[in-house]
Every structure is written in structure tokens, then in C-alpha cells.
Amino acid sequence: MTWETVIGLEIHVQLNTKSKIFSGASTAFGAEPNAHASVVECALPGVLPVMNREVVEKAIKLGLALDAKINRKNVFDRKNYFYPDLPKGYQISQLDLPIVEHGKLEIVADDEVRIINVTRAHMEEDAGKSVHEGLDGATGIDLNRAGTPLLEVVSEPEMRSAAEAVAYAKALHGLVTWLDICDGNMAEGSFRIDANVSVRPKGQAEFGIRREIKNLNSFRFLEAAINYEVEAQIEILEDGGKVQQATMLFDPDKGETRVMRLKEDAHDYRYFPDPDLLPIIISDDQMQKARDDMPELPKEMAARFVADFGVSNYDARLLTASRSQAEFFETAATASKQGKIVANWMNGELAAALNKAGLELADSPITALRLAGLATKISDGTLSGKLAKKAFEAMWAEPAASIEQIIEKHGLVQITDTDAIEAMVDEVLASNAKAIEQFKSGNEKALNAIVGHVMKASKGKANPAQVQDLIKAKLG
């Protein structure tokens, strides 16, 4: 039996407002437990929610970026369930009239561009948090997070592998941070992923029974959890069993999922319109203000990078994966006027060095202007490719030094003097008769060997293009 995986993601995007969705309490992370729990979050009798206008504005921005329908009338509903970190006994959310519907998000997975449809994005309040650590077996309740504004972004079940799911999650993460509606800090819970996973026989139209893996807070855990769950469901089915609809947790230490509870359906939550909140009607002025405040989006900026700086479509997509990366590239490419060189080094050596050091681009010892200086020295012939790599390593280790100081200190100036290069070429040709004979017999690789000997003799400083031209001229 050949099985097909079906994945849909529900992603909780915590909006970076200063106050909560229905109260003036702070949303700042890291305070003492319950320091930011107001009477609204504590559900004291007689208190009423008041809508935070900024939440609506940020939701509209996401809708515009997803090219989605934005509903002008928005109604809030009560989602009823009992849990210790939800004092009211219900969560204020949106069921039938979400603010955003029918959007789409472009992803790149396995070097292929795909469009994943976004079913909806709705506004809701976050719940509190149960705390188990350091309480001698007891459980504490911290309501600091309760009432923090969320957008729950729900995809269509159109992803067919863990790799596609990760690509979608990364694309949405990049978009919400680009729009500056979420800080994207997954460790602090600002971007949490629930993965709905099912399998079905290849070619079958109807979906299999899905299980939802809750609260995945890293892309690595998302991929591992989906892969484990897919194998577990296939094993159940091939053994003649039936997959139960359930809510799952992922144990990163064991690398496996486990059942948390049997999954509820929408009717189990007894949704009904919240009587304390009037419908929100979005005006034409609000829509226009949101459009006016929109930044240049990644797809638009990528197209501009191709047109203005001559980079490839593939490189442009990589460079616009995040706003910080795009700004870094534009600064370096504008200063050096060498977009292709900057793109190559950002996507190559710089990315590798950052990954090895475990650093973010913002913490790179090689700034955009320092990389621009390196690109300039490569383009004007001061540095060959090999010398440029040595210069890059020195720049990384010596963040206060300019490119000129690096070149002078480490003796990295490329030799372009024709007489000096010709002397080295003559010396190499005099001692490599066999390679010359092979080249004249039509073996092009022999030319590379001769060039390599000259570059070695020059300690990598000779201009390789001049070396090759001189060898070809001398060998006819």
C-alpha cells in the first residue's frame, strides 16, 4: 500500500501590541507570575472586555499581505471549555465571521514554488499558562499570557510532506515579522504551531482521520513530530487498526508523539456570540490607512532586486526570506553597486559562517557596509576569489578592521602586473612539458592544472584570468 500524507497547519501568531486584546494590561514577556493579570483576565464579576483597536489594524495588514478577503463585519464568539488557566471558562474568539478569509501564501519546498491556500485568520485571546517546574509536584497558574492578542492562521490541508509544512511555517513566520505584527520569538511562545496530520491510500479522495499535534515551538520539532506521527498512523492502519481522532503532544526528548486527549469537535465547545462585545465594523478609512501603512512585501522586493541589482530569482527569494536579510542586502548592494557579488557572499560564505557560529544576521561581525567593501575589492580586481575568502576570514576575526587594513595587514593584494605573472607562467611551463602536451592534444583539464601551478607559485595572489590568458597565448 502506498500512503499519502495530508497536513494542515493552525498557527497562533501573537500580536506585538503593548496591551492585551480586551484590557489595558501589559503584554510584556518575563514578568513575575500574574503580575500582568488584570481583573478582566481574572474574570472578576462585573468586568467587561474593551476591544484593542491595534489588534484589528494588524489583522488587516496580514489579510492584505495574504491577498485575502477582509470581512468588514466582525463578530466575537465564546468558545466554552474548562481548563485551569482559563478563569472565565470560555475563550473569546471568532467562529463564523473571521476577519480574514481565502488568502494564499507562496512557499518554496524542494526547489519548487507552490501556493498554499489560507482558509482563515481570526482574532482571539490567548489563555494563561500552567507551570509545573519547581513546585514539588504541584501545578501553578500564571495568567500573564491570558488575554494576549492572537491571530490564529488556518491553512487548507494542502501540504503533503513535513518539508512542505516547515516551508509554509517559515514563510508565514517571515511574513508576520516582515509586517512587524509579531516578534516571531518561538521560544517565548509568540509563534506556536498546531499540525493536523492524517494519511490516506494514494489516490483516495476522502481524508483519513486526523490527529492534531499541539504547541510546536520550533521548525525542527514540527518536522520531527509530523514524520513520527505519519509513521505511527501508517503502522496502525497496516496492522488493521483504526486511527482515533485525538489531540497529541510531541516529546522532543523521545522524538515521539503521544495522546493528550480525544479530540473535540466544534459543537463540543458550544460556541455562541459574545454578548459583551458589539460587532466590529471596519470602515473605508481604516482599510485605506492599513494599505498606506503596508511595507513593500517580500515578493515585490524580490522582483525589484532582480530588476535593480541583477540577482537571480532564486537568490532574490533567499534574500527576502526576512526583512532584516533584505535590508542587509540592499544596504550592501547599494553601497558597492555589486548586487550579484553581495548576493553570492550572503547566501554562501556569510550564511555558512553565521550558521557555524550560531549567530543571527543582526549579530554578524561582518556588517552590510563591511561586506560592501569586500565586494568592491573583488569587483575592481584587488582580490581574487581565493584571496577574498582569506579576507573574509580575517574580517570575521577582526570586526574593527576596515577592508583596506585587512588587505594591508595580511598581504592580500592580488598580483596584476603582467610582467610578474608572465615570469611565473614561463617558469611553470618550463617544468610541465607533459601537461602542455596534454593540453595541445585537446585535454582542457590540463589547462586547469597549469593554472593551478601558477596560482600556487604566486601564493594565490596572481589574477587567475590573466594567468589563463597568458598560458593560452603562449601555447597557441
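## A tour from E125 to the domains

Select E125 to begin: E125 lies in strand β7, which covers residues 112–125. Keep in mind along the way that this is a predicted model.

**Stop 1: around E125.** Is E125 buried or exposed? Its relative accessibility is 6%, so E125 counts as buried, the cut-off being under 20%. Now add K88 to your selection and show both side chains: the side chain of E125 makes a polar contact with that of K88, at 2.8 Å. To fill in the surroundings, set aside the neighbours of E125 within four places in sequence and display its other contacts. These are I21 and F22, then K88, Y90, Q91 and I92, and finally G147, T148 and L150.

**Stop 2: a pair of helices.** Next, select helix α2 (residues 162–178) together with helix α3 (residues 219–238). Two packed helices are described by the angle between their axes and the distance between those axes. Here the angle is about 150 degrees and the axes are 9 Å apart. The helices α2 and α3 are therefore roughly antiparallel to each other, and their crossing is right-handed. Show side chains to see who makes the contact: α2 brings A162, A165, V166, A169, K170 and H173, while α3 brings F219, L222, E223, I226 and N227.

**Stop 3: the whole chain.** Zoom out and colour by domain. Where do the divisions fall? Domain 1 takes in 3–285, domain 2 takes in 296–410 and domain 3 takes in 418–475. For a last look, place a marker at the centres of domain 1 and domain 3, taken over C-alpha atoms: 63 Å separate them.

Terms used:
Residues numbered from 1 in each chain as written. Predicted model: local features only at pLDDT ≥ 70, side-chain atom pairs only at ≥ 80, totals over all residues. Heavy atoms only, no water. Helix = DSSP H or I, 4+ residues; strand = E, 2+ residues; numbered from the N terminus. Buried < 20%, exposed > 50% of the residue type's maximum accessible area, 1.4 Å probe, protein only. Polar contact = N/O pair within 3.5 Å; in protein donor to acceptor, adjacent residues only side chain to side chain. Contact = heavy atoms within 4.5 Å. Domains from an automatic or database assignment. Axes fitted to C-alpha atoms, helices over the stretch in contact; angles between N-to-C directions. Parallel < 35°, antiparallel > 145°, perpendicular 65-115°, else oblique. Left-handed = near helix turned anticlockwise from the far one by under 90°.
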